[in-house]
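Welcome, and please get your viewer ready for a short walk through this model. At each stop you will hear what to select and what is there.

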Amino acid sequence: MPAISMKVNGKAVCGAAEGRTLLVEFLRDTLGLTGTHVGCDTSQCGACVVHVNGKAIKSCTALAMACDGAEVTTIEGLAKNGKLHPMQEAFREHHGLQCGFCTPGMIMAAVDIVKRNGKKLDEETIRHELEGNICRCTGYHNIVKAVQAGAEKM
Amino acid sequence: MTETGIGARVKRKEDQRFITGKGRYTDDINLKGQTYAYFVRSPHAHATIKSINTAKAAKMPGVVGIFTSKDVAEDKIGGLICGWMIHSKDGSPMKAGPHPILAQGKVRYVGDHVAVVVAETKDQAKAAAAAVNVSYGVLPHVVDVGKSMTSKVQIHDAAPDNRVFNWSIGDQAATDAAFKTAAHVTKIDLVNNRLIPNAMEPRAAIGSYDTGSDHYTLYTTSQNPHVARLVISAFHGLAPEHKLRVIAPDVGGGFGSKIFIYAEEVVCVWASKRIGGRPIKWTAERTESFQSDAHGRDHVTHAELAMDRSGKILGFRVKTKAAMGAYLSTFASCVPTYLYATLLSGQYAIPSIYAEVDAIYTNTAPVDAYRGAGRPEATYVVERIVETAAREMKLDPAEFRRRNFIRSFPHQTPVIMCYDAGDYEAALNKALELADYKGFPARKAASARNGKLRGIGFSAYIEACGIAPSAAVGSLGAGVGLWESAEVRVNPVGTVEILTGSHSHGQGHETTFAQLVCERLGVDINNVSIVHGDTDKVQFGMGTYGSRSGAVGMTAISKALDKIEAKAKKVAAAVMEASADDVEFKNGTFTVKGTDKKMAFGEVALAAYVAHKFNSAEIEPGLKEGAFHDPSNFVFPAGVHICEVEVDADTGVTEVVNYVAVDDFGTIINPMIVEGQVHGGIAQGIGQALTEGCVYDTESGQLLTGSYMDYCMPRADNVPSFKLGFTMTKCPSNPLGMKGCGEAGAIASPAAVMNAVTDALGVRDLPMPASPQTVWKAMQPMKKAAE
Amino acid sequence: MENFGYHRPAKVADAVKIMKKAKDGKYLSGGMTLLPAIKQGLATPSDVIDLGGIKNAGVSVSAKSVTVKAGTAHGDVAADKGVRKAIPALAVLASSIGDPHVRNRGTIGGSVANNDPAADYPAAVLGLGATVHTSERKIPADKFFTGMFTTALKGNEIVTAVEFPLPAKAGYAKFPNPASRYAMVGVFVAKMKDSAVRVAVTGAGPAVFRIPEMEAALAKDFSAKALAGISVKAKGLNSDMHASAEYRAHLIGVMARRAVAAAK
């Protein structure tokens with residue numbers, strides 16, 4: 001298997017990947033970063049969202065080899081020096097998670113929403129922007145509140 | 001109330017690991033030497049298996065083993081069971097066909113498990129599974145519950161007409177007599193659409209056999225690991241319980257679908273021995289989840305409600321056909337019976353009720369409990385017909401309900417349940433206020449000016465949860481007791497570990513259970529940890545479903561805490577040289593009445609363990625107590641939900657523009673978490689009403705809604721923010737006064753939404769989900785009439 | 001999923017070369033359609049030729065047209081100030097594709113070449129009468145989309161850019177499939193600078209198509225009112241559990257009116 005290398009959560013990593021190896025498989029199976037989840041096979045649920053070169057993407061629908069040389073941030077890399085990212089804090093503060101399975105993808109998506117839309121987000125924008133992330137537990141009510149509050153503190 | 005005690009909005013202790021990606025779900029676990037399983041599944045809805053040829057697949061790269069029903073039979077591994085015996089009204093026991101863990105001779109739905117391939121990698125297992133050659137003899141099939149009994153298809157030899165049972169409840173003669181005196185009778189035909197639970201974490205299992213100790217371990221996505229161990233041990237006959245450990249680590253949502261014992265997990269743990277003890281991991285692809293998770297609902301119902309001239313309900317008749325799917329899942333039989341028809345009295349004083357339920361096999365995935373389990377179906381029937389009756393009698397739907405509310409407690413309904421406490425009118429009044437019911441006509445007019453049709457709908461639900469006295473459910477056919485157990489371990493330094501048989505998969509037990517301990521023992525919440533989900537750690541438990549973890553699980557903890565307190569008082573008395581009767585315990589401190597002597601809880605704990613200051617013949621050292629709690633009654637959460645919708649007349653798109661939920665859950669431990677439970681439940685109910693519906697193709701028997709491309713999960717923009725309110729009547733049957741809150745949202749909301757949509761359109765009924773197309777179709781006759 | 005040879009050429013010409021040699025090669029751009037198809041076993045290419053290594057992304061706006069290079073992500077088109085000014089409807093359309101994560105990865109080249117009947121971009125390409133630039137030639141929109149998942153592209157040909165002429169006014173209205181959020185019906189209307197009107201519909205048929213009757217009516221009077229009385233025939237339209245052909249036909253009318261009303 002060919003080797004690929006990338007910078008994941010600020011650290012240079014390398015590992016073997018087949019052509020078919022998905023980025024999410026590389027992260028979970030090769031690097032052991034199991035915070036990124038797989039919830040579907042049609043690129044809809046968003047449990048696998050990570051940032052590649054600063055943009056949120058679905059890591060279940062990207063080949064690992066296509067990300068050779070890329071900078072990847074996963075949920076494990078969001079907190080810096082032991083301090084939670086404001087969006088992580090906001091999800092806890094506003095009870096934006098229950099079972100926690102969709103949460104890493106939600107938080108990574110939320111950070112991307114703020115990057116693209118700024119810190120002042122209204123409810124409609126947030127709901128629309130969360131189109132690519134499915135949650136079964138929260139009814140989204142508290143996720144929306146968390147994203148709004150997290151955005152302001154970013 | 002302390003900052004972290006009962007009633008406090010404590011932030012969740014479990015969140016740290018989830019928000020940092022450190023949750024540990026089954027698929028996150030990898031064991032040394034692990035192999036991967038992929039299941040060969042039936043592509044047909046109904047077929048005989050003529051032969052299975054594994055020769056080609058066996059030679060594929062990485063294949064470790066391929067197993068079929070032949071191997072299962074060799075090892076005498078039993079089939080999947082249904083743990084609740086229902087008797088038909090003629091007294092005969094339900095007619096259940098066998099449910100082997102790998103199909104024997106026949107497949108009965110698309111996705112039925114036929115064989116398993118175990119290989120070094122997931123991709124290798126999948127590729128080899130595709131090479132397993134199964135020769136099928138395709139049989140005619142039936143997927144429609146309404147047509148199954150009259151079709152020529154015979155799904156199980158044991159069940160002629162595909163009917164598992166014909167069950168009834170209530171007094172038929174008295175109900176018929178009531179109808180004869182009625183001034184008005186409302187009749188309605190309803191379909192409760194089949195749903196696919198869709199916990200975001202797909203089901204997964206890792207089975208592992210230790211050849212050295214002849215011991216099995218199963219990691220699985222379960223809401224009740226002890227029940228899984230009991231069933232796998234006692235019914236599948238894999239190993240005695242002390243030779244089988246079941247671990248349910250972090251579980252990514254359940255909603256009922258992870259209560260049941262499934263073939264895949266049994267196969268993984270059994271087959272591990274077959275391959276010399278190497279662990280076998282299986283993780284469902286989402287498509288497999290759609291095909292093989294137990295589905296929910298799928299009822300067809302005819303109901304009739306009799307009223308006197310003033311709108312007072314006299315009698316209620318219900319006839320329901322309930323789909324079971326192709327096999328009886330673990331608790332399938334109790335869902336459309338004791339969890340359904342026993343709630344048909346709703347919040348109303350109805351003198352006579354009679355209901356009959358046919359449970360019917362269809363060539364579809366098994367149907368079992370899904371959030372609410374029977375109670376959403378009951379609420380849908382009651383609240384749709386009550387709203388319809390009010391409209392027909394030209395009474396305000398709120399007023400109609402008011403006239404019929406039960407007002408004194410305890411109240412014995414004609415359908416088993418004895419409601420212990422409630423104040424339904426209080427909830428109605430609060431909901432009317434929060435929904436600004438008076439302002440509705442003005443809002444409707446404003447919508448009309450924008451080309452939108454506005455409607456409002458009510459749902460005054462009641463549910464029974466915290467199920468229930470073991471002896472009572474046993475007399476109704478349950479195969480297990482429905483108590484809960486807990487153990488409180490106080491460590492020498494005064495920190496506390498709670499071992500509970502409840503299982504948290506989103507409910508936040510690590511926080512709420514700790515709040516109870518803080519309240520009772522006065523310890524810091526950071527000094528309390530909750531241990532659950534491992535049969536080697538927790539002695540026994542019945543798990544989490546049916547909104548039972550508060551009312552039953554926490555009561556067990558509370559009882560164990562009673563014992564801790566009593567024992568600690570003895571220790572404190574000995575140390576402080578006082579009589580135990582004179583020792584008082586408050587805010588974490590033991591004092592001796594009439595003196596200034598005092599000891600902190602931690603000091604007493606240490607004293608209990610060092611055991612220097614008391615006679616060990618009189619007081620045992622240590623501070624650890626256990627308790628089992630068997631409830632004396634169900635608990636009865638109830639409330640009123642009001643939904644307001646706007647329908648786009650051009651497209652048929654329905655938007656929920658306002659949603660009010662007022663619930664009575666008795667004592668609330670953590671309002672933040674309770675609100676979250678309500679939000680989630682409402683969203684699932686809105687999903688059922690507007691977006692979700694499992695569709696099997698009548699012609700081919702294929703699952704048409706087999707992925708998120710076609711099964712419409714509610715997303716953030718499908719639901720609004722919700723307005724919540726609470727009323728409170730304490731539950732008298734547990735010391736904390738708690739009811740349950742996990743399912744209420746999903747129970748109440750479908751009826752509220754559909755009452756609103758039918759109100760907006762001015763139609764009697766509309767099938768769920770009221771998708772844009774469905775609504776548009778319903779509007780066509782009106783448009784034609786207008787033209 | 002089935003394995004395949006992975007290639008990441010840096011030049012278009014190299015990509016074509018690799019494709020010529022491959023037994024059953026597939027070009028990969030954003031992968032938003034191809035990767036799910038491979039996962040589900042619907043596609044089993046021997047070789048995947050990733051065009052991401054060809055740095056071919058970006059938007060340029062001239063007095064006459066907006067040219068979007070094939071590797072440009074939907075999100076970048078949606079956010080591009082030049083596009084938003086020159087052809088706001090194109091930005092609106094791009095912002096309605098998939099979800100934010102899909103828009104961050106999916107590309108115009110991939111979307112156009114794939115020609116999914118429910119994709120959004122084909123509506124803009126046909127609705128504006130754009131020109132598809134390929135590794136070999138320039139293909140006018142009216143000749144590009146030939147049927148369900150088929151285009152005028154030859155086996156090895158690669159889309160390199162799409163050039164959209166600037167309209168006087170254009171609008172896009174989409175009715176998403178409730179589950180997948182793909183276009184169940186999407187209507188792009190454009191009044192060109194020569195006053196010609198184009199109406200292109202995606203999601204409703206086997207491939208994107210124009211509605212001459214609506215175009216004629218709008219050419220006389222570019223207003224939603226002008227569409228009153230024009231009904232689209234259901235025959236030949238897609239029909240599935242989410243929308244019958246009749247419902248789709250009805251939605252085409254509604255979306256066309258909304259697109260006209262929104263046109264800028």
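Start by selecting strand β3 (residues 63-67) of chain B: five of its five residues are buried, so the strand is largely enclosed by the rest of the structure. Here, buried means that 20 or more other C-beta atoms lie within 10 Å of a residue's own, exposed means 12 or fewer, and partly exposed is in between, with C-beta atoms placed from the backbone. Helices (H or I, at least four residues) and strands (E, at least two) are DSSP runs, numbered from the N terminus.

Before moving on, a word on the model: it is predicted, local features need pLDDT of at least 70, side-chain atom pairs count only at pLDDT 80 or more, and totals for chains, interfaces and linings use all residues. Residues are numbered from 1 along each chain as its sequence is written, while chains are lettered from A and ligands numbered from 1 in the order in which they are written.

Now add strand β5 (residues 113-119) of chain B, which runs antiparallel to β3(B) and is joined to it by four bridges. Two strands pair if DSSP finds at least two bridges between them. Zoom in on Ile66(B), and you will find Val117(B) of β5(B) opposite.

Next, pick Gly21(B), in the loop between α1 (15-19) and β1 (35-41) of chain B. Is Gly21(B) buried or exposed? It is buried, because 25 other C-beta atoms lie within 10 Å. Beyond its neighbours within four places in sequence, Gly21(B) is in contact with Gly35(A), Thr74(A), Ile75(A), Glu76(A) and Pro104(A). Contact means that the C-beta atoms of two residues, placed from the backbone, lie within 7 Å.

Those partners lead to the A-B interface, where 43 residues of chain A are in contact with 43 residues of chain B. Colour α2 (86-93), α3 (103-117), α4 (123-129) and α5 (141-153) of chain A, the elements that give two or more residues to the side that touches chain B. By class, that side has 19 nonpolar, 16 polar and eight charged residues. Ala, Val, Leu, Ile, Met, Phe, Trp, Tyr, Cys and Pro count as nonpolar, Asp, Glu, Lys and Arg as charged, and the others, Gly among them, as polar.

Return to chain B and show helices α10 (residues 375-392) and α11 (residues 397-404), whose axes come within 9 Å and cross at roughly 110°. Axes are lines fitted to C-alpha atoms, for helices over the stretch in contact, and angles run from 0 to 180 degrees between N-to-C directions. At the crossing, Val386(B), Glu387(B), Ala389(B) and Ala390(B) of α10(B) meet Pro397(B), Phe400(B) and Arg401(B) of α11(B). The residues of this contact divide into five nonpolar, no polar and two charged.

Further along chain B, select the open, antiparallel sheet of three strands in the order β22-β23-β24. β22 (583-586) and β24 (598-600) of chain B are at the edges with a single partner strand each, so one side of each has no neighbour in the sheet. Neighbouring strands are turned by 20° against each other on average, direction ignored. Then show helix α16 (residues 549-575) of chain B, which packs on the sheet and touches β22, β23 and β24 of chain B.

Finish in chain C, where strand β3 (residues 47-50) runs parallel to β1 (residues 5-7), joined by three bridges. Four bridges join β3(C) to β2 (residues 25-28) of chain C, also in parallel. For close-ups, His7(C) stands opposite Ile49(C), and Lys26(C) stands opposite Val48(C).
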